[in-house]
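Here is a colleague's note to read alongside the structure. Please keep the 3D view open and look up each residue as it comes up.

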Amino acid sequence: MVFRKPPDGGWGWVIVVVSFFTQFLCYGSPLAVGVLYLEWLDAFGEGKGKTAWVGSLANGIGLLASPVCSICVSSFGARPVAIFSGFMVAGGLMISSFAPNIYFLYISYGIVVGLGCGLLYTATVTITCQYFDKRRGLALGLISTGSSVGLFIYAALQRELIDLYGLDGCLLIVGALSLNILACGSLMRPLESSESPPPEKTCVDKVPDQYFVYHGKEKTVEENISILEKGYIDEKCANNIPDHKQDSILNKNVLSSINVNEKETYKKKVVEQTNFCKQLAKRKWQLYLNYWEETMVLFKNKVFSALFVAILLFDIGGFPPSLLMEDIARSANINEDDYHVPLISIIGIMTAVGKLTLGILADFKWVNTLYLYVITLLMTGMALFAIPFAKSYLTLAMLSGTLGFLTGNWSIFPYVTTKTVGIEKLTHAYGILMFFAGLGNSLGPPIVGWFYDWTQEYDTAFYFSGFCVLLGGFLLLLAALPCWNACTNQSSKLPPNTYSYKVASSA
């Protein structure tokens with residue numbers, strides 16, 4: 001499929017609006033799952049670690065399945081995937097209202113809703129990139145705030161719906177609201193060329209021409225039969241040979257010619273098909289080998305290896321507050337009269353502010369995006385260490401705002417990845433990093449919950465979380481220091497497209 005030049009406007013702004021609302025509708029409930037988490041604790045009576053798996057799966061499964069999501073969008077297009085995923089999200093939320101136990105929620109809410117969100121995220125980003133080139137950064141920044149605004153609104157909305165209609169009614173209403181994704185998806189008109197050339201043949205279709213010759217040979221056999229019949233009938237009329245003798249001679253000649261030609265044709269066809277399958281399998285195997293070779297080359301880059309560890313540890317330690325902050329406030333025995341705004345709502349709105357602010361800072365030439373990202377990691381670690389000392393709503397609200405703002409460093413993560421591995425390897429590297437980010441999202445809340453089940457308090461859990469984030473930040477800082485690069489460059493020369501301090505300093 002051939003796409004026209006991105007218009008950077010026009011219907012593209014409609015795409016931005018519907019993509020914003022798509023992320024708002026699909027990510028609102030999973031990101032604000034901390035409100036539901038409290039209700040599930042009371043409803044099923046399971047441990048905090050086991051219950052936390054529901055929200056962690058809903059937020060991590062989309063990242064873990066990002067390669068599959070990309071393949072689906074590339075194969076079927078953004079609009080069909082968005083409509084199908086809308087049914088997944090809405091259906092998963094509605095079915096979750098009938099969950100008899102926590103294990104049912106692992107499937108209905110964790111996997112079904114989480115996978116639907118992952119598909120919708122890939123679809124919205126893909127269709128937006130097709131419609132924008134010069135203003136792509138602005139367009140992606142606008143649609144990415146949809147999830148943060150959804151977190152802000154859904155935290156208060158779900159709490160109000162629970163008070164009015166109970167947990168089951170809340171999930172049914174939120175699921176019904178998610179059906180609006182279908183309307184948004186139907187507006188994601190693909191940017192196709194009106195005079196596009198016919199699609200190129202796939203590898204399977206690109207069979208050697210000799211393979212198709214045999215079909216022609218089979219047809220020539222039939223033609224030869226008709227020619228023989230016609231010629232022999234003429235000869236029969238000329239020589240006045242009896243009909244039954246002529247027919248027997250004709251049948252013998254035709255049958256013998258058919259058997260010989262069919263056997264030869266079949267043998268040649270089998271040989272050609274076998275050779276083609278072997279070549280196709282060899283080509284696929286070579287692609288897999290190349291993929292793993294490129295992956296090993298990436299991990300030879302010190303900064304990329306440190307970035308891989310940092311993103312994994314950051315999501316293990318930095319994601320749990322957005323899920324567990326409401327339970328932290330309840331465990332601290334904070335008076336409900338002082339509870340003006342849900343803490344998760346504060347995290348959501350400050351995440352949107354952080355995405356926009358850090359994204360703007362990354363565009364300045366004098367800002368080193370890698371060091372900016374390291375600063376956000378170190379500050380996040382210190383904020384996590386401060387959570388056990390927060391015993392009032394005001395201090396928890398301030399820490400929630402700080403953590404939300406620093407979590408906005410997701411907006412500069414693609415910049416950091418590009419400066420680390422180069423634009424040529426961005427897709428490969430970013431896919432690997434997103435997989436481990438999803439792994440961290442899935443493991444973080446259950447680990448914190450298990451710490452609580454073990455110690456009956458959150459202090460040890462958030463000391464562990466802060467240590468993880470600080471460790472990742474310090475490792476990344478050490479790998480990016482110019483003195484470290486200078487020492488390693490004396491022993492070995494950097495391979496092409498690897499990170500260097502001089503390149504990153506101009507980010």
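**Notes on aromatic rings, the core and two buried asparagines**

1. Arg189 lies over the face of Trp11, at a distance of 4.2 Å from the ring centre. A second placement of this kind involves Lys48, whose charged end sits over the ring of Tyr452, 4.6 Å from its centre. Please bear in mind while reading that this is a predicted model.

2. For orientation, the chain contains 20 helices and zero strands. Of its 507 residues, 46% count as buried. If one takes the contacts between residues at least 6 apart in sequence, 84% of them join residues that are at least 24 apart.

3. Which residues have the most contacts inside the largest nonpolar core? They are Leu36, Tyr109, Tyr373 and Leu476, in a core that has 119 residues. Because domain 1 (1-193) and domain 2 (301-486) both give residues to this core, it lies between them.

4. Leu476 is a good residue to select when looking at the core. Once its neighbours within four places in sequence are left aside, Leu476 is in contact with Val303, Ala306, Leu307 and Ala310, and also with Leu370, Tyr373, Val374 and Leu377. Tyr373 therefore appears both in this list of contacts and among the residues with the most contacts inside the core, as the cited contacts show.

5. The aromatic rings deserve a point of their own, since a search of the whole structure finds 16 aromatic pairs. In one of them, the ring centres of Phe20 and Phe21 are 5.4 Å apart and the planes stand at 90°, so the pair is edge-to-face. Phe21 has a relative accessible area of 40%, and is therefore partly exposed. Ring pairs also join Phe20 and Phe21 with Phe24 and Tyr154 in a cluster.

6. How are the rings of Phe389 and Tyr463 arranged? Their centres are 6.5 Å apart and their planes are at 55°, so this pair is tilted. The pair links distant parts of the chain, 74 residues apart, with Phe389 in the loop between helix H14 (369-386) and helix H15 (393-407), and Tyr463 in helix H18 (residues 459-480). Phe389 counts as exposed because its relative accessibility is 62%, over the 50% cut-off, whereas Tyr463, at 33%, counts as partly exposed.

7. Is Asn59, found in helix H3 (residues 48-64), buried or exposed? Its relative accessibility is 11%, which is under the 20% cut-off, so Asn59 counts as buried. A polar atom of the Asn59 side chain lies 3.1 Å from the backbone oxygen of Pro30, and the Asn59 side chain also reaches the backbone oxygen of Gly55 at 2.8 Å. With neighbours within four places in sequence left aside, the contacts of Asn59 are Pro30, Leu31, Val33, Phe319 and Asn441.

8. Asn441, which is one of those contacts, is found in helix H17 (residues 426-455). At 6% relative accessibility, Asn441 counts as buried. Not counting residues up to four places away in sequence, Asn441 touches Ser56, Asn59, Gly60, Leu63, Asp315 and Phe319. A reader who selects the two asparagines together will find Phe319 in the contacts of Asn59 and in those of Asn441.

Definitions and conventions
Residues are numbered from 1 along each chain as its sequence is written. This is a predicted model: local features need pLDDT of at least 70, side-chain atom pairs count only at pLDDT 80 or more; totals for chains, interfaces and linings use all residues. Side-chain values use heavy atoms; hydrogens and water are left out. A nonpolar core is a set of buried Ala, Val, Leu, Ile, Met, Phe, Trp, Tyr and Cys residues joined through side-chain atoms within 4.5 Å. Buried means under 20% relative accessible area, exposed over 50%, partly exposed in between (1.4 Å probe, protein chains only). Domain bounds come from an automatic or database domain assignment. Contact means heavy atoms within 4.5 Å. A polar contact is a pair of N or O atoms within 3.5 Å; within protein, one must be able to donate a hydrogen and the other to accept it, and residues adjacent in sequence count only if both atoms are side-chain atoms. Rings of Phe, Tyr and Trp (its six-membered ring) pair if their centres lie within 6.5 Å; planes under 30 degrees apart count as stacked, over 60 as edge-to-face and the rest as tilted. Helices (H or I, at least four residues) and strands (E, at least two) are DSSP runs, numbered from the N terminus. A charge sits over a ring if NZ of Lys or CZ of Arg is within 6 Å of the ring centre and within 35 degrees of the ring normal.
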